[in-house]
Amino acid sequence: MKIMKYILSSVLWMMCCFQVFAQQAEVTMEGTVYDHLGETLPGVNVYLKNQPGIGTITDIDGNFRISATVGDAVIFAFVGYDQMEYPVTKEEKTSPSGFMSPRSYWMTW
């Protein structure tokens with residue numbers, strides 16, 4: 001009888017876990033990154049926050065494509081520009097187009 005309870009509870013636990021993982025829909029995000037003058041930015045790092053190894057860079061026309069799940073945050077980073085964060089909130093194909101602002105540092109001598 002103890003073995004049956006153990007097997008039954010294990011099966012129920014696995015079903016709950018599969019249900020949770022099945023609810024997280026994967027979203028393919030596509031878009032273009034621009035600078036503050038409206039020019040496209042090639043070579044911008046586009047990656048998922050807190051998920052090392054998942055990312056891409058924009059092509060020569062500033063276009064990117066990345067897969068994420070609802071609840072993730074997509075980070076846009078480029079040398080000399082402020083980092084942008086874009087939350088993934090929809091379960092559909094989204095097309096964010098971001099304008100990155102340059103950093104301004106005052107040099108003092």
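Let me start with Thr 56, which is partly exposed, with a relative accessible area of 28%, and which is found in strand β3. Please keep in mind, here and throughout, that we are looking at a predicted model. If we set aside the neighbours within four places in sequence, Thr 56 is in contact with Val 44, Asn 45 and Val 46, and also with Phe 64, Arg 65 and Ile 66. Phe 76 is not in that list of contacts; between Thr 56 and Phe 76 the C-alpha atoms are 9.9 Å apart in space, with a separation of 20 residues in sequence.

Now let me step back to the chain as a whole. Its secondary structure comes to 1 helix and 7 strands, and, read along the sequence, the pattern is α-β-β-β-β-β-β-β. Of the 109 residues in the chain, 26% are buried, and the chain exposes about 8200 Å², of which carbon and sulfur atoms supply 60%. If we take the contacts between residues at least 6 apart in sequence, 51% of them join residues at least 24 apart.

Before going further into detail, I should say something about confidence. The mean pLDDT of the chain is 78, and 65% of its residues reach 70 or more. Where is confidence lowest, and where is it highest? It is lowest in helix α1, residues 2–23, where the mean is 54, and highest in β3, where it is 95. Where pLDDT is low, the predicted coordinates should not be read in detail, and for the rest of this talk I will stay with the strands and the loop between two of them.

Strand β2 is a good place to continue. In a regular strand the side chains alternate between the two faces of the sheet. Along β2 we find that alternation, with Val 46 and Leu 48 pointing to one face and buried, whereas Asn 45 and Tyr 47 point to the other face and are not buried. Which strands does β2 pair with? With β3 the pairing is antiparallel, over 3 bridges, and Tyr 47 has Gly 55 as its bridge partner in β3. With β5 the pairing is again antiparallel, over 4 bridges, and here Val 46 has Phe 76 as its bridge partner. The hairpin of β2 and β3 has 6 residues between the strands, and in that hairpin Asn 50 takes a positive phi near 60°.

Val 46 deserves another moment. Leaving aside its neighbours within four places in sequence, Val 46 is in contact with Gly 55, Thr 56 and Thr 58, with Phe 64 and Ile 66, and with Val 74, Ile 75 and Phe 76. Val 46 is also named among the residues with the most contacts inside the largest nonpolar core, a set of 15 residues; the others named are Val 33, Val 44, Ile 66, Val 74, Phe 76 and Met 100. The elements that give two or more residues to this core are β1, β2, β4 and β5, the last of these being residues 73–77.

Turning to β1, I would point out Val 27, which lies in that strand and is buried, with a relative accessible area of 2%. Val 27 and Ala 68 are 41 residues apart in sequence, yet their C-alpha atoms are 5.2 Å apart in space.

Last, the charged pairs. How many salt bridges does the structure hold? There are 2. In one of them Arg 65 pairs with Glu 30, and the closest N and O atoms are 2.0 Å apart. Because Arg 65 lies in strand β4, residues 63–69, and Glu 30 in strand β1, residues 26–34, this pair ties together parts that are 35 residues apart in sequence. Are these two residues buried or exposed? Arg 65 counts as exposed, at 53% relative accessibility, whereas Glu 30 is buried, at 18%.

The other salt bridge joins the side chains of Glu 85 and Lys 49, at 3.3 Å from N to O. Glu 85 lies in strand β6, residues 84–87, and Lys 49 in the loop between β2 and β3, so this pair ties together parts that are 36 residues apart in sequence. Glu 85 is partly exposed, with a relative accessible area of 48%, and Lys 49 is partly exposed as well, with a value of 39%.

Notes
Residues are numbered from 1 along each chain as its sequence is written. This is a predicted model: local features need pLDDT of at least 70, side-chain atom pairs count only at pLDDT 80 or more; totals for chains, interfaces and linings use all residues. Side-chain values use heavy atoms; hydrogens and water are left out. A salt bridge is a side-chain nitrogen of Lys or Arg within 4 Å of a carboxyl oxygen of Asp or Glu. Buried means under 20% relative accessible area, exposed over 50%, partly exposed in between (1.4 Å probe, protein chains only). A nonpolar core is a set of buried Ala, Val, Leu, Ile, Met, Phe, Trp, Tyr and Cys residues joined through side-chain atoms within 4.5 Å. Contact means heavy atoms within 4.5 Å. Accessible areas come from the Shrake-Rupley method with a 1.4 Å probe; for residues, only the protein chains shown count as cover. pLDDT is the predictor's confidence in each residue, from 0 to 100. Two strands pair if DSSP finds at least two bridges between them.
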